[in-house]
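Q: Please take a close look at the start of this chain, and then set that part against the rest of the structure. A connected account in prose would be most useful.

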Amino acid sequence: AVRQVRAALRELAPDVVHAHNIYQALSYRCLAEARRVTPRVFLTAHDVMSFAYAKLTHYIDSRRTDCPLRPAYHTPWTVNLLTAKKRYNPWRNAHIRRRLNGITRVLAVSQALADALADNGISNVAVVPNGIDLKAWSPPGANRLGAFQKCYQLEGKRMLLCAGRLSGAKGIHQVLAALGQVHAQVQNAVLLFAGSADGGLTAYRQLPKRYGVDSLVQFTGPLAPDDMVLAYFASTAVVSVS
(Lines give C-alpha, C1' and ligand atoms only; values in the text may rest on other atoms or scores of the structure.)
Protein backbone atom coordinates (compact mmCIF):
# COMPACT_ATOMS: atom_id res chain seq x y z
CA ALA A 1 0.00 0.00 0.00
CA VAL A 2 2.86 2.40 0.79
CA ARG A 3 4.36 1.80 -2.66
CA GLN A 4 1.00 2.51 -4.33
CA VAL A 5 0.50 5.68 -2.31
CA ARG A 6 4.04 6.82 -3.12
CA ALA A 7 3.43 6.28 -6.84
CA ALA A 8 0.12 8.14 -6.73
CA LEU A 9 1.68 11.07 -4.88
CA ARG A 10 4.49 11.37 -7.41
CA GLU A 11 2.02 11.29 -10.29
CA LEU A 12 -0.42 13.80 -8.78
CA ALA A 13 2.16 16.13 -7.17
CA PRO A 14 -0.52 17.58 -4.86
CA ASP A 15 -0.25 20.95 -3.12
CA VAL A 16 -2.12 19.57 -0.09
CA VAL A 17 -2.68 16.04 1.20
CA HIS A 18 -5.68 15.50 3.48
CA ALA A 19 -6.22 12.04 4.96
CA HIS A 20 -9.14 10.77 7.07
CA ASN A 21 -8.05 8.30 9.77
CA ILE A 22 -5.60 5.56 8.93
CA TYR A 23 -7.04 2.07 8.64
CA GLN A 24 -5.39 -1.34 8.61
CA ALA A 25 -5.08 -1.41 4.82
CA LEU A 26 -2.77 1.61 4.99
CA SER A 27 0.15 2.67 7.14
CA TYR A 28 1.02 5.86 9.00
CA ARG A 29 4.15 5.83 6.88
CA CYS A 30 1.91 7.09 4.06
CA LEU A 31 1.89 10.46 5.87
CA ALA A 32 5.67 10.57 5.72
CA GLU A 33 5.50 9.77 2.01
CA ALA A 34 3.08 12.68 1.57
CA ARG A 35 5.53 15.03 3.26
CA ARG A 36 8.10 14.15 0.58
CA VAL A 37 5.94 15.87 -2.04
CA THR A 38 4.31 18.70 -0.04
CA PRO A 39 4.83 20.32 3.36
CA ARG A 40 1.05 20.70 3.77
CA VAL A 41 -0.21 17.38 5.12
CA PHE A 42 -3.34 17.08 7.26
CA LEU A 43 -5.18 14.19 8.87
CA THR A 44 -8.74 14.37 10.18
CA ALA A 45 -9.17 12.09 13.19
CA HIS A 46 -12.68 10.74 13.63
CA ASP A 47 -11.94 8.35 16.51
CA VAL A 48 -9.34 7.39 19.12
CA MET A 49 -7.63 4.56 17.24
CA SER A 50 -4.43 6.58 16.96
CA PHE A 51 -3.72 5.83 20.64
CA ALA A 52 -6.28 3.21 21.71
CA TYR A 53 -7.23 -0.25 20.47
CA ALA A 54 -10.97 0.14 21.07
CA LYS A 55 -13.58 2.67 22.13
CA LEU A 56 -12.43 4.97 24.91
CA THR A 57 -14.44 3.95 27.97
CA HIS A 58 -11.90 3.11 30.67
CA TYR A 59 -12.23 6.53 32.34
CA ILE A 60 -16.03 6.27 32.74
CA ASP A 61 -17.27 5.61 36.28
CA SER A 62 -20.92 4.51 36.02
CA ARG A 63 -21.42 5.29 39.72
CA ARG A 64 -20.89 9.00 39.16
CA THR A 65 -23.92 11.17 38.50
CA ASP A 66 -22.07 14.41 37.82
CA CYS A 67 -20.73 15.41 34.43
CA PRO A 68 -17.10 16.58 34.54
CA LEU A 69 -16.48 19.30 31.97
CA ARG A 70 -13.01 18.01 31.18
CA PRO A 71 -12.45 14.27 31.78
CA ALA A 72 -8.92 12.88 31.88
CA TYR A 73 -8.53 10.85 28.68
CA HIS A 74 -4.98 9.57 29.16
CA THR A 75 -4.92 5.88 28.24
CA PRO A 76 -2.24 3.88 30.10
CA TRP A 77 -0.42 1.15 28.25
CA THR A 78 -1.97 -1.36 30.66
CA VAL A 79 -5.45 -0.48 29.36
CA ASN A 80 -4.33 -1.06 25.78
CA LEU A 81 -2.69 -4.34 26.78
CA LEU A 82 -5.87 -5.61 28.43
CA THR A 83 -7.88 -4.53 25.38
CA ALA A 84 -5.61 -5.79 22.62
CA LYS A 85 -4.09 -8.82 24.39
CA LYS A 86 -1.87 -10.60 21.83
CA ARG A 87 -2.38 -7.80 19.32
CA TYR A 88 -0.71 -5.29 21.65
CA ASN A 89 2.43 -3.65 20.26
CA PRO A 90 4.43 -1.59 22.78
CA TRP A 91 5.93 0.57 20.01
CA ARG A 92 2.67 1.23 18.15
CA ASN A 93 1.61 4.46 19.85
CA ALA A 94 5.09 5.98 19.88
CA HIS A 95 5.36 5.36 16.13
CA ILE A 96 1.94 6.89 15.49
CA ARG A 97 2.69 9.95 17.65
CA ARG A 98 5.91 10.57 15.74
CA ARG A 99 4.10 10.41 12.40
CA LEU A 100 1.18 12.62 13.48
CA ASN A 101 3.29 15.22 15.25
CA GLY A 102 5.38 15.46 12.08
CA ILE A 103 2.56 16.59 9.77
CA THR A 104 1.06 20.07 9.44
CA ARG A 105 -1.97 19.47 11.64
CA VAL A 106 -4.20 16.79 13.05
CA LEU A 107 -7.84 17.90 12.74
CA ALA A 108 -10.24 16.63 15.43
CA VAL A 109 -13.97 16.62 14.73
CA SER A 110 -14.80 17.71 18.31
CA GLN A 111 -13.15 19.43 21.27
CA ALA A 112 -13.49 16.23 23.32
CA LEU A 113 -11.52 14.29 20.70
CA ALA A 114 -8.92 17.07 20.55
CA ASP A 115 -8.55 16.85 24.34
CA ALA A 116 -8.19 13.06 24.15
CA LEU A 117 -5.52 13.29 21.44
CA ALA A 118 -3.60 15.90 23.46
CA ASP A 119 -3.84 13.82 26.63
CA ASN A 120 -2.14 10.99 24.76
CA GLY A 121 0.79 12.92 23.34
CA ILE A 122 -0.57 14.11 19.96
CA SER A 123 0.12 17.82 20.24
CA ASN A 124 -0.50 19.55 16.90
CA VAL A 125 -4.31 19.35 17.02
CA ALA A 126 -6.96 21.79 15.80
CA VAL A 127 -10.74 21.38 15.99
CA VAL A 128 -12.68 21.34 12.70
CA PRO A 129 -16.20 19.92 13.23
CA ASN A 130 -17.88 17.85 10.53
CA GLY A 131 -19.77 20.03 8.08
CA ILE A 132 -23.41 19.69 7.05
CA ASP A 133 -25.36 20.55 3.92
CA LEU A 134 -27.31 23.65 4.96
CA LYS A 135 -29.80 23.24 2.11
CA ALA A 136 -30.82 19.83 3.46
CA TRP A 137 -31.50 21.42 6.85
CA SER A 138 -33.86 24.19 5.78
CA PRO A 139 -37.01 24.47 7.96
CA PRO A 140 -39.68 21.98 6.84
CA GLY A 141 -43.25 22.96 6.06
CA ALA A 142 -45.84 22.98 8.83
CA ASN A 143 -47.72 20.05 7.30
CA ARG A 144 -44.67 17.78 7.19
CA LEU A 145 -43.63 18.76 10.70
CA GLY A 146 -47.17 18.26 12.00
CA ALA A 147 -47.36 14.81 10.40
CA PHE A 148 -44.13 13.80 12.11
CA GLN A 149 -45.35 15.05 15.49
CA LYS A 150 -48.64 13.19 15.05
CA CYS A 151 -46.85 9.98 14.08
CA TYR A 152 -44.93 9.96 17.38
CA GLN A 153 -47.67 11.54 19.57
CA LEU A 154 -45.64 14.71 20.11
CA GLU A 155 -48.41 17.29 19.78
CA GLY A 156 -48.27 19.69 22.70
CA LYS A 157 -45.10 18.05 24.04
CA ARG A 158 -41.67 19.49 24.74
CA MET A 159 -39.60 16.86 23.02
CA LEU A 160 -36.00 16.06 23.96
CA LEU A 161 -34.16 14.34 21.13
CA CYS A 162 -31.33 11.81 21.47
CA ALA A 163 -30.04 10.99 18.00
CA GLY A 164 -27.42 8.35 17.33
CA ARG A 165 -26.46 4.80 18.19
CA LEU A 166 -27.50 3.71 21.67
CA SER A 167 -25.13 2.03 24.10
CA GLY A 168 -24.38 2.03 27.79
CA ALA A 169 -21.10 3.80 27.17
CA LYS A 170 -22.93 6.65 25.43
CA GLY A 171 -24.87 7.55 28.57
CA ILE A 172 -28.39 6.19 28.05
CA HIS A 173 -28.70 5.26 31.73
CA GLN A 174 -27.74 8.75 32.86
CA VAL A 175 -30.24 10.35 30.47
CA LEU A 176 -33.09 8.14 31.64
CA ALA A 177 -32.22 8.81 35.26
CA ALA A 178 -32.28 12.56 34.60
CA LEU A 179 -35.55 12.44 32.65
CA GLY A 180 -37.62 11.89 35.78
CA GLN A 181 -36.16 15.05 37.33
CA VAL A 182 -36.85 16.99 34.14
CA HIS A 183 -40.44 15.77 34.01
CA ALA A 184 -41.00 16.86 37.61
CA GLN A 185 -40.37 20.45 36.49
CA VAL A 186 -41.60 20.25 32.88
CA GLN A 187 -44.77 18.15 32.90
CA ASN A 188 -45.07 17.82 29.13
CA ALA A 189 -41.44 16.77 28.55
CA VAL A 190 -40.87 13.56 26.57
CA LEU A 191 -37.78 11.87 25.20
CA LEU A 192 -37.32 10.50 21.68
CA PHE A 193 -34.43 8.15 20.90
CA ALA A 194 -33.71 8.10 17.15
CA GLY A 195 -31.12 5.58 16.06
CA SER A 196 -29.96 1.98 16.17
CA ALA A 197 -28.65 0.20 19.26
CA ASP A 198 -25.84 -2.18 20.17
CA GLY A 199 -27.38 -5.65 20.03
CA GLY A 200 -30.76 -4.33 18.83
CA LEU A 201 -33.41 -2.16 20.43
CA THR A 202 -35.31 -4.89 22.32
CA ALA A 203 -33.23 -4.75 25.50
CA TYR A 204 -33.16 -0.94 25.50
CA ARG A 205 -36.95 -0.69 25.30
CA GLN A 206 -37.11 -2.22 28.78
CA LEU A 207 -34.82 0.37 30.39
CA PRO A 208 -37.30 3.28 30.79
CA LYS A 209 -39.49 1.16 33.08
CA ARG A 210 -36.51 0.63 35.39
CA TYR A 211 -36.25 4.39 35.82
CA GLY A 212 -39.99 4.97 36.08
CA VAL A 213 -40.22 6.95 32.83
CA ASP A 214 -41.61 4.33 30.43
CA SER A 215 -44.57 6.57 29.49
CA LEU A 216 -42.20 9.41 28.56
CA VAL A 217 -39.83 7.62 26.16
CA GLN A 218 -40.10 6.48 22.55
CA PHE A 219 -37.59 4.58 20.40
CA THR A 220 -37.96 5.24 16.67
CA GLY A 221 -35.07 3.13 15.46
CA PRO A 222 -32.97 4.52 12.58
CA LEU A 223 -34.76 7.32 10.71
CA ALA A 224 -34.48 8.22 7.03
CA PRO A 225 -32.48 11.43 6.42
CA ASP A 226 -35.60 13.51 5.73
CA ASP A 227 -37.28 12.22 8.90
CA MET A 228 -34.16 12.96 10.93
CA VAL A 229 -34.38 16.59 9.81
CA LEU A 230 -38.00 16.64 10.99
CA ALA A 231 -36.98 15.14 14.35
CA TYR A 232 -34.50 17.93 14.98
CA PHE A 233 -36.99 20.66 14.06
CA ALA A 234 -39.67 19.01 16.23
CA SER A 235 -37.38 18.98 19.28
CA THR A 236 -37.30 21.55 22.05
CA ALA A 237 -33.74 20.53 22.93
CA VAL A 238 -31.19 18.00 21.76
CA VAL A 239 -29.50 15.79 24.35
CA SER A 240 -25.99 14.69 23.44
CA VAL A 241 -25.01 11.58 25.36
CA SER A 242 -21.76 10.72 23.56
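A: Helices and strands are here DSSP runs, a helix having at least four residues and a strand at least two, and they are numbered from the N terminus. The model under discussion is predicted. In these terms, alanine 1 belongs to the segment that precedes helix 1, which spans residues 2-12.

Alanine 1 has a relative accessible area of 47%, so it is classed as partly exposed, since that class lies between the 20% limit for buried and the 50% limit for exposed. Once residues up to four places away in sequence are set aside, alanine 1 touches Ala25 and Leu26. Alanine 25 is 24 residues away from alanine 1 along the sequence, yet their C-alpha atoms are 7.1 Å apart in space.

The account now moves to glutamate 33, which sits in helix 2, residues 29-35. Its relative accessible area is 4%; because buried means under 20%, glutamate 33 counts as buried. Apart from neighbours within four places in sequence, glutamate 33 has contacts with Val2, Arg6 and Leu9. Those three positions fall within the 2-12 range of helix 1. With arginine 6, glutamate 33 also makes a side-chain polar contact of 3.1 Å.

Turning to open space, the second largest pocket has a volume of about 520 Å³. Its lining consists of 20 residues, and Ile22, Gln24, Tyr28, Met49 and Arg92 are the ones nearest its centre. Strand 2 (41-45) and helix 4 (92-100) are the elements that supply two or more residues to this lining. Helix 4 contributes the most, with 4 residues. Sorted by class, the lining comprises 11 nonpolar, 6 polar and 3 charged residues.

Further along the chain there is an open sheet of 4 strands, paired in parallel, in the order 7-6-5-8. Strand 7 (217-219) and strand 8 (237-238) form its edges, each pairing on one side only. Strand 6, residues 189-194, pairs with strand 7 in the parallel sense through 3 bridges, and phenylalanine 193 has phenylalanine 219 of strand 7 as its bridge partner. The parallel pairing of strand 5 with strand 6 extends over 6 bridges; leucine 160 stands opposite leucine 191 of strand 6.

Strand 6 is mostly covered, with 6 of its 6 residues buried. Ala189, Leu191 and Phe193 are buried on one side, while Val190, Leu192 and Ala194 are buried on the other. Helix 9 (residues 225-234) takes part in this packing: Met228, Val229, Leu230, Ala231 and Ala234 are buried in it, and the buried residues of helix 9 pack against helix 6 (142-151), strand 5 (158-163) and strand 6.

For the chain as a whole, the secondary structure amounts to 9 helices and 8 strands. Of its 242 residues, 36% count as buried. Among contacts with a separation of 6 or more, 71% link residues 24 or more positions apart. The pair alanine 1 and alanine 25, at 24 residues apart in sequence, offers a local view of such a separation. Along the principal axes, the C-alpha atoms fill a box of roughly 60 × 45 × 30 Å.

Technical notes. Residues are numbered from 1 along each chain as its sequence is written. This is a predicted model: local features need pLDDT of at least 70, side-chain atom pairs count only at pLDDT 80 or more; totals for chains, interfaces and linings use all residues. Side-chain values use heavy atoms; hydrogens and water are left out. Buried means under 20% relative accessible area, exposed over 50%, partly exposed in between (1.4 Å probe, protein chains only). A polar contact is a pair of N or O atoms within 3.5 Å; within protein, one must be able to donate a hydrogen and the other to accept it, and residues adjacent in sequence count only if both atoms are side-chain atoms. Contact means heavy atoms within 4.5 Å. On a 1 Å grid over the protein atoms alone, a cavity is a set of points where a 1.4 Å probe fits but cannot get out, and a pocket is an open set with protein on both sides within 12 Å along at least five of seven lines; lining residues have an atom within 4 Å of a point. Grid points are joined across faces, edges and corners, and a volume is the space filled by probe spheres set on the points. Ala, Val, Leu, Ile, Met, Phe, Trp, Tyr, Cys and Pro count as nonpolar, Asp, Glu, Lys and Arg as charged, and the others, Gly among them, as polar. Two strands pair if DSSP finds at least two bridges between them.
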